[in-house]
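Thanks for coming. I have one structure to go through today, so let me put it on the screen.

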Amino acid sequence: MASRDEPAKGGLSFTDQEALLFHQQGKPGKLEIVPTKPMATQRDLSLAYSPGVAVPVLAIKEDPSRAFDYTARGNLVAVVTNGTAILGLGNLGPLAAKPVMEGKAVLFKRFADVDSIDLEIDTSDVDEFINCVRYLGPTFGGINLEDIKAPDCFIIESRLRELMDIPVFHDDQHGTAIIAAAGLINAAMITGRDITTMKVVCNGAGAAGIACIELIKALGVAHDNVILCDTKGPIYRGREAGMNQWKSAHAVDTDARSLADALKGADVFVGVSVKGALTPEMVASMADQPIIFAMANPDPEITPEEVAAVREDAIMATGRSDYPNQVNNVLGFPYIFRGALDVQATTINEPMKVAAAHALAALAREDVPDEVAAAYKGNRPRFGPEYIIPVPFDPRLISCISPAVAKAAMDSGVARKPIVDMESYAQTLNARRDPVAGTLQRIFSKVRSAPKRVVFAEGEEPQVMRAASSFVAQGLGEAILIGREDEIRRVASEAGIELRAGIEIQNARLSNKNKDYAEFLFARLQRRGYLLRDCQRLVNGDRNYWGAIMVARGDADAMVTGSTRNYSVALDTVRKVIDTKPGHRVIGASLVLARGRQVLVADTAVHDMPTSEELADIAEEAAHVARRLGYEPRVAMLAFSTFGHPASERAERVIEAVAILDKRRVDFEYDGEMAADVALNMDAMAAYPFCRLSGPANVLIMPAFHAASISTKMLQELGGSTVIGPLLVGLDKPVQIVSMSSKDSDIVNMAAVAAYNVT
Ligand SMILES: NC(=O)C1=CN([C@@H]2O[C@H](COP(=O)(O)OP(=O)(O)OC[C@H]3O[C@@H](n4cnc5c(N)ncnc54)[C@H](OP(=O)(O)O)[C@@H]3O)[C@@H](O)[C@H]2O)C=CC1
Ligand SMILES: CC(=O)C(=O)O
Ligand SMILES: [Mg+2]
């Protein structure tokens with residue numbers, strides 16, 4: 001491999017030195033093992049180890065399927081190699097393969113929450129390798145074979161599939177084939193080709209090559225239209241040199257005796273061979289709009305720059321992340337195993353592979369959300385020659401591919417534990433990717449069961465349109481975009497956003513409710529310095545007024561806004577239109593998710609320096625929200641002192657607030673004043689045995705807005721916490737305000753929260 005002291009062409013942004021340092025720094029390597037149960041006390045130890053561990057041992061002996069309940073087996077995959085074909089670097093042995101295998105293991109975890117460990121086996125003998133792996137069945141839920149050279153890999157995989165009752169999947173074969181097939185489906189669509197008549201040349205007749213052409217043929221490409229090549233050139237019928245049974249199966253009648261011959265007039269080049277195997281001259285000889293997948297790693301058969309120099313009309317893909325169209329098995333293996341493990345599949349069969357390829361291809365044709373656009377540094381990709389396949393960081397991959405694979409396993413009869421509710425399964429997959437999704441999942445399910453009409457006030461903003469479209473597509477209800485219809489349609493069309501059925505556009509000026517709404521506003525504001533014409537102007541020109549009045553008048557159920565105005569300005573408008581709910585106080589509550597814990601923090605939006613009375617109200621509102629979010633509140637009234645120490649005037653408001661709550665006889669647990677560590681850590685709380693909280697606090701009432709704002713923002717930036725909110729609570733009608741930097745997915749989440757109505 002060439003030394004990379006300078007950043008390489010195509011924008012590769014590291015040197016060899018940096019790659020080594022990356023692997024060396026901190027704990028050497030890329031993964032570690034972390035316990036999932038507490039190991040802090042004597043009791044923990046007795047449960048986790050002897051004597052407690054004997055109980056699951058005996059239960060599993062009696063019923064082996066209980067291993068999925070009591071051990072990590074069901075979510076554990078081995079990445080197994082002997083290092084005989086490490087990427088395109090060749091046979092460098094098992095030890096040198098370890099960085100790649102550790103890499104695959106962490107990708108399993110990062111993208112699909114599959115726990116994985118690398119196993120490098122020091123033998124090139126096929127039987128020894130098989131024997132080594134076959135006895136590992138009790139440990140794992142699946143076996144991912146990696147970087148084993150052909151034809152050994154074919155024998156190894158097929159024997160292990162027979163011998164083991166868990167999925168055995170050679171990623172370089174099937175993972176690669178699935179991704180290439182998905183890319184090819186889309187490239188054919190873009191170039192207007194009929195897949196069945198395409199002429200394909202595959203260079204590389206090893207693990208990846210044989211599997212790629214088998215799947216390509218399964219998609220409908222005719223056998224005689226595929227020429228397979230290896231180091232000795234095209235595999236024609238009757239060729240004897242360098243053959244094996246897997247190559248022979250794909251031999252065709254052809255006069256081509258070199259890759260250059262084979263490529264003349266070909267539609268597609270599939271490269272799974274080595275760096276530099278394809279020349280610009282060969283590319284020039286291909287058919288119009290040639291499809292070139294140069295997938296050798298780490299360096300492709302030809303670079304996109306070299307192709308661009310000879311052909312402007314090519315669709316070009318590589319296996320690398322620094323060029324457009326990365327056709328790499330990372331898009332498949334994490335999610336394929338996720339789906340297979342979740343139904344306890346006995347194998348990964350053809351229908352599951354085909355389902356994965358189609359699901360992946362279909363995803364690339366969908367509009368791209370902000371999270372994916374961010375991975376493109378703001379250049380939102382659109383289905384076309386430069387975007388035929390989703391990027392590995394696309395957060396939708398898990399909920400797209402895994403359910404397709406799980407369903408295909410169920411339909412083809414290899415699922416030991418079929419999934420009953422596929423819709424909620426897809427949602428749990430999002431929660432695996434992102435803990436926030438777990439919390440939002442309940443809200444989404446509830447809203448889906450009673451869909452709402454939600455106003456997306458800033459209707460001319462593309463991220464708002466995307467959010468509206470996604471809100472409707474997810475079955476959460478109807479979306480109303482406020483804005484000029486022409487402008488909305490123009491922006492949507494330019495940005496490639498589908499304004500699907502279920503989206504309504506309202507232009508305040510043209511609406512027959514215009515006069516009525518202006519009078520409604522005037523009735524509310526006439527004694528606050530507003531004339532009718534002022535109200536008319538606000539109704540005509542300010543979408544937040546229009547949207548809020550729609551909600552106030554019952555023409556919509558809820559509203560989301562905030563993308564173009566700062567929080568306080570938007571809140572001020574909303575409060576001019578919508579009253580406080582009787583018996584409530586308007587506050588902002590932020591949900592903080594960190595290290596598996598969920599804490600509600602208030603007031604993060606409205607009260608600057610609350611009085612003791614106001615603090616007590618905030619505690620009551622926040623406790624109510626906690627219950628609406630599905631958990632029983634334990635409220636800590638926070639200060640920098642704990643139960644009078646150190647004595648300070650500043651803590652007095654908080655102490656009084658606790659006394660007020662005492663008088664009100666509220667029906668939830670609360671106590672204070674206390675410092676944050678006492679509230680959150682039972683060991684620290686143990687010093688105060690009189691404390692009335694039965695566990696660590698899950699609702700934190702801050703003494704002032706600045707403390708709330710500073711601490712939540714620090715948690716987000718330094719603590720790696722996810723913060724949802726502030727959720728606006730206490731209004732008579734539900735409105736949520738997002739921050740100006742919100743992405744479309746944030747807006748959808750807040751629209752769902754608004755539709756759910758946390759008050
Ligand atoms: N993008 C992706 O996701 C993936 C890419 N790959 C890449 O595909 C390549 C092959 O991997 P894999 O199939 O596992 O390896 P194998 O060792 O199983 O197969 C390699 C094949 O390439 C052929 N080959 C080698 N050099 C040439 C050449 N100059 N011209 C034509 N054919 C050649 C070999 O021919 P012969 O049979 O004559 O020895 C053999 O058939 C690697 O570069 C790898 O990184 C693999 C998996 C996934
Ligand atoms: C991506 C991969 O698995 C390979 O190149 O071998
Ligand atoms: Mg590989």
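I will start with the domains and then turn to the two ligands. Keep in mind that this is a predicted model.

The domain assignment splits the protein into four parts. Domain 1 covers 71-166, and domain 2 is made of 174-328 plus 367-385. Domain 3 is also in two pieces, 440-460 and 478-576, and domain 4 runs over 587-730. Between the centres of domain 2 and domain 4, taken over C-alpha atoms, there are 59 Å.

There is also a record to mention. An unreviewed UniProt entry puts the feature "domain: Malic enzyme N-terminal" at residues 28-161. In the model, that stretch is 44% helix and 12% strand, with its end C-alpha atoms 34 Å apart.

Now ligand 1. Around it are 30 residues, and those that come nearest are Gly 88, Gly 206, Asp 230, Ala 296 and Gly 319. Which domains does this shell draw on? Domain 1 and domain 2 each give at least three residues. As for secondary structure, helix H8 (171-190), helix H9 (207-218) and strand E6 (226-230) each supply at least two residues. The largest share, 3 residues, comes from H9. By type, the shell holds 13 nonpolar, 13 polar and 4 charged residues.

Ligand 2 is next. Its surrounding residues are Leu 87, Asp 147, Asp 171, Asp 172, Asn 297, Gly 319, Asn 328 and Asn 329. These divide into 1 nonpolar, 4 polar and 3 charged. Note Gly 319, which is around ligand 2 and is also among the residues that come nearest to ligand 1.

That is what I have.

How values were computed:
Residues numbered from 1 in each chain as written. Chains lettered and ligands numbered in written order. Predicted model: local features only at pLDDT ≥ 70, side-chain atom pairs only at ≥ 80, totals over all residues. Domains from an automatic or database assignment. Near = placed C-beta within 6 Å. Helix = DSSP H or I, 4+ residues; strand = E, 2+ residues; numbered from the N terminus. Nonpolar A, V, L, I, M, F, W, Y, C, P; charged D, E, K, R; others polar. UniProt positions renumbered as here; feature names shortened; annotations may be inferred.
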